[in-house]
Structure formats: structure tokens, C-alpha cells
Amino acid sequence: MNNDARKAQIEARIAELTAQMQRIADDLDQPLPAHLEDQAIDLEDDEVLERLGRANARERRLLNDALKRIADGSYGICARCGDDIAQARLDAVPYALICRNCAAQN
């Protein structure tokens, strides 16, 4: 996949994450129900939504960093060894900083 196509893929994923984060924020802004049992369930649900929101924000940050690497020409090059990162790895993890070999060394 060329960098233009990869950029479009990453931008589409960022848009998805942004929309999900907005839905999460909207759900978290809802008032608690009057019944205590329902409040307890909503509070547990809110904790899950907050964790999901944090995970989405982290992924979005990593994807934005990948866009910067595309712009500066370092995308797809391992930050440790300088080898190319396999396209299959970038397909699975488009924000990958290191190649499979370097990742396996951790």
C-alpha cells in the first residue's frame, strides 16, 4: 500500500475514533437515573466507557503520530534498526514504530 492510501486509511480510522469518542462523551453526559440500582449499573457502564475513551484517545494520538511520519518520510522505517517495517505489520498496526524483529526482542 502506498503512503497516500495508508494516509487515507489512517485518516478514516481517526474519523471513526473521533465519532466514537463523541458518542462516549454524549453517553457520559447523560444524567443518572433516579433508581439506585439503575444508578449503580450506569456508573459501572460509565467506567467502561471512560476506559474505552482513553484507549480511543491513545490510538488516535498514535495514528496522528503516524501521519507525521508519513509527512516527514520516516513512515514504515523501523525506529530501532532502520529496516523497512513489513506491509503486513503496517496493515495490522498502522502506527507501528518498530519492525517485527525488533518487537520480538522486547
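Buried here means under 20% relative accessible area, exposed means over 50%, and partly exposed is anything in between, using a 1.4 Å probe and protein chains only. By that yardstick C81, at 39% relative accessibility, is partly exposed. The model is a predicted one, so local features need pLDDT of at least 70 and side-chain atom pairs count only at pLDDT 80 or more, while totals for chains, interfaces and linings use all residues. Residues are numbered from 1 along each chain as its sequence is written, and side-chain values use heavy atoms, with hydrogens and water left out.

To stay with the cysteines for a moment, a disulfide is a covalent bond between the sulfur atoms of two cysteines. In the model, a disulfide is called when a pair of cysteine sulfur atoms lies within 2.5 Å, and the count comes to 0. For C81, the closest cysteine sulfur is that of C78, and at 3.7 Å it is too far away for a bond. C99 tells a similar story: its closest cysteine sulfur belongs to C102, again 3.7 Å off and too far for a bond. C99 itself is buried, at 6% relative accessibility.

Next come the charged pairs. Side chains of opposite charge can pair when their charged atoms come close. A salt bridge is taken as a side-chain nitrogen of Lys or Arg within 4 Å of a carboxyl oxygen of Asp or Glu, and the model has 4 of them. One of these joins R6 to D91, with the closest N and O atoms 2.9 Å apart. R6 sits in helix α1 (residues 3–28) and D91 in helix α3 (residues 87–92), so this bridge ties together parts that are 85 residues apart in sequence. Helices are DSSP runs of H or I, at least four residues long, and they are numbered from the N terminus. The two partners differ in exposure: R6 is buried at 0% relative accessibility, whereas D91 is partly exposed at 43%.

R13 takes part in two further bridges, one with E16 at 3.0 Å, N to O, and one with E59, also at 3.0 Å. The E59 pair links distant parts of the chain, with E59 in helix α2 (residues 36–72) and R13 in helix α1, 46 residues apart. Through these shared partners, R13, E16 and E59 end up in one network. E16 and R13 are 3 residues apart in α1, about one helical turn. Both are partly exposed, E16 with a relative accessible area of 42% and R13 at 25%.

Helix α2 has 37 residues, which at 1.5 Å a residue should span 54 Å, and its end C-alpha atoms are indeed 54 Å apart; the expected span is 1.5 Å times one less than the number of residues. Its buried residues include D46, L49, G53, N56 and E59, and the buried residues of α2 pack against α1. N56, in α2, has a relative accessible area of just 4% and is buried. Its side chain makes a polar contact with the side chain of Q20 at 3.1 Å. A polar contact is a pair of N or O atoms within 3.5 Å; within protein, one must be able to donate a hydrogen and the other to accept it, and residues adjacent in sequence count only if both atoms are side-chain atoms. Leaving out residues up to four places away in sequence, N56 touches L17, Q20, M21 and I24, where contact means heavy atoms within 4.5 Å. After α2 comes G73, with a positive phi near 85°.

Note on methods: Helix = DSSP H or I, 4+ residues; strand = E, 2+ residues; numbered from the N terminus.
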